[in-house]
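This report introduces a structure to a reader who has not met it before. Please look over the sequence and the model shown here before reading on.

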Amino acid sequence: MIGRLTGVLAEKNPPQVLVDCHGVGYEVDVPMSTFYNLPAVGDKVSLLTHFVVREDAQILYGFGSSAEREAFRLLIKISGVGPRTALSVLSGMSVGDIAQAVTAQDAGRLVKVPGIGKKTAERLLLELKGKFGADLGNASNAATSDAQTDILQALIALGYSDKEAQLSLKSLPKDIGVSEGIKYALKALAK
């Protein structure tokens with residue numbers, strides 16, 4: 001029904017913002033990833049939206065990018081995952097991080113999000129497999145994330161923590177292959 005709002009940012013109260021569109025103020029719930037990228041109060045803002053009508057409320061959710069909105073829509077289609085949980089997932093992880101977790105079937109990364117337990121994380125991975133992940137990015141990005149995921153899994157299998165492995169990935173060139181990436185990451189971790 002309401003696909004996009006463009007107006008003046010009147011208020012910012014996480015996770016809700018108030019957008020003034022020609023004298024009408026819309027309360028919009030946004031994930032923290034969108035919230036951090038909002039302009040200052042009084043500046044012009046444009047948000048893609050998703051309108052949810054429930055028996056007891058009508059709620060507008062806003063997103064800074066179409067990828068975030070698409071991820072939100074995929075998440076709320078899953079049984080047991082409502083808009084609040086989907087917003088929490090998008091606040092705790094970027095779309096790219098969710099895509100990597102789905103591609104790698106890594107429930108551990110989803111469990112770190114407040115409100116997501118082990119069973120919900122496993123259901124998310126199962127339901128999103130093939131719908132999310134590489135499909136959400138472009139082809140070159142997908143190849144890069146697959147290589148990065150393989151390198152990450154190899155480092156974890158070698159006994160490094162998830163945090164150490166993630167840090168070592170940041171120093172790698174984006175177009176590096178899996179075997180070369182593992183070598184470089186091991187050298188970086190050895191220092």
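In what follows, a residue counts as buried if its relative accessible area is under 20%, and as exposed if that value is over 50%; residues in between are partly exposed. By this definition F63 is buried, and F72 is buried as well. The model is predicted.

## The strands

The strands of a sheet pair through backbone hydrogen bonds, in either a parallel or an antiparallel sense. Here 5 strands close into a barrel, following the order β1-β2-β3-β5-β4, and their pairing is mixed. From one strand to the next, the twist averages 55°.

The pairings described in this report are listed below.

| Strands | Sense | Bridges |
|---|---|---|
| β1 and β2 | antiparallel | 5 bridges |
| β2 and β3 | antiparallel | 6 bridges |
| β3 and β5 | parallel | 2 bridges |
| β4 and β5 | antiparallel | 6 bridges |

Strand β1 covers residues 4–13. With β2 it forms a hairpin that has 2 residues between the strands. Within this pairing, E11 stands opposite L18 of β2.

Strand β2 spans residues 16–21, and strand β3 spans residues 24–29. The hairpin of β2 and β3 also has 2 residues between its strands, and there H22 takes a positive phi near 55°. V19 stands opposite Y26 in β3.

Which residues of β2 lie on its covered face, and which on its uncovered one? The covered face consists of V17, V19 and C21, while Q16, L18 and D20 make up the uncovered face. L18, on the uncovered face, is thus the residue that E11 stands opposite, and V19, on the covered face, is the one opposite Y26.

Strand β4 comprises residues 44–53 and strand β5 residues 58–63. A hairpin of 4 residues joins β4 to β5, and H50 stands opposite Y61 in β5. On the parallel side, where β3 meets β5, V28 has L60 of β5 as its bridge partner. Is β5 largely enclosed or open, and why? Of its 6 residues, 5 are buried, so β5 is largely enclosed by the rest of the structure.

## The helices

Helix α2, made of residues 66–76, lies across β4 and β5 and runs at about 10° to β4. Helix α3, residues 83–92, packs on the sheet and touches β3, β4 and β5; its direction makes about 20° with that of β5.

The buried residues of α3 are P83, A86, L87, V89 and L90. When α3 is viewed down its axis, these residues fall within an arc of 160°, so they line one face of the helix. Their cover includes the strands β3, β4 and β5 together with the helices α1 (32–35), α2 and α4 (95–104).

## The aromatic residues

A pair of aromatic rings is described by the distance of the centres and the angle of the planes. The structure holds 3 aromatic pairs. One of them is formed by F35 and Y36, which meet edge-to-face, with 6.4 Å from centre to centre and 75° between the planes. What is the accessibility of these two residues? F35 has 10% relative accessibility and therefore counts as buried, whereas Y36 has a relative accessible area of 63% and is exposed.

Another pair joins F63 and F72: the ring centres are 4.9 Å apart and the planes stand at 45°, so this pair is tilted. The term tilted applies because planes under 30 degrees apart would count as stacked and planes over 60 as edge-to-face. Ring pairs link F63 and F72 with Y61 into a cluster. Y61 is also the residue of β5 that H50 stands opposite.

F35 has a further neighbour, since K12 lies over the face of its ring, 5.6 Å from the ring centre.

## A loop residue

A40 lies in the loop between α1 and β4. With a relative accessible area of 44%, A40 is partly exposed. Which distance in space separates A40 from E11? The two are 29 residues apart in sequence, and their C-alpha atoms are 9.2 Å apart. E11 is the residue already placed opposite L18 in β2.

Technical notes. Residues numbered from 1 in each chain as written. Predicted model: local features only at pLDDT ≥ 70, side-chain atom pairs only at ≥ 80, totals over all residues. Heavy atoms only, no water. Phe/Tyr/Trp six-rings, centres within 6.5 Å; stacked < 30°, edge-to-face > 60°. Buried < 20%, exposed > 50% of the residue type's maximum accessible area, 1.4 Å probe, protein only. Lys NZ or Arg CZ within 6 Å of the ring centre and 35° of its normal. Pairing = 2+ DSSP bridges. Axes fitted to C-alpha atoms, helices over the stretch in contact; angles between N-to-C directions. Contact = heavy atoms within 4.5 Å. Arc of directions from axis to C-beta.
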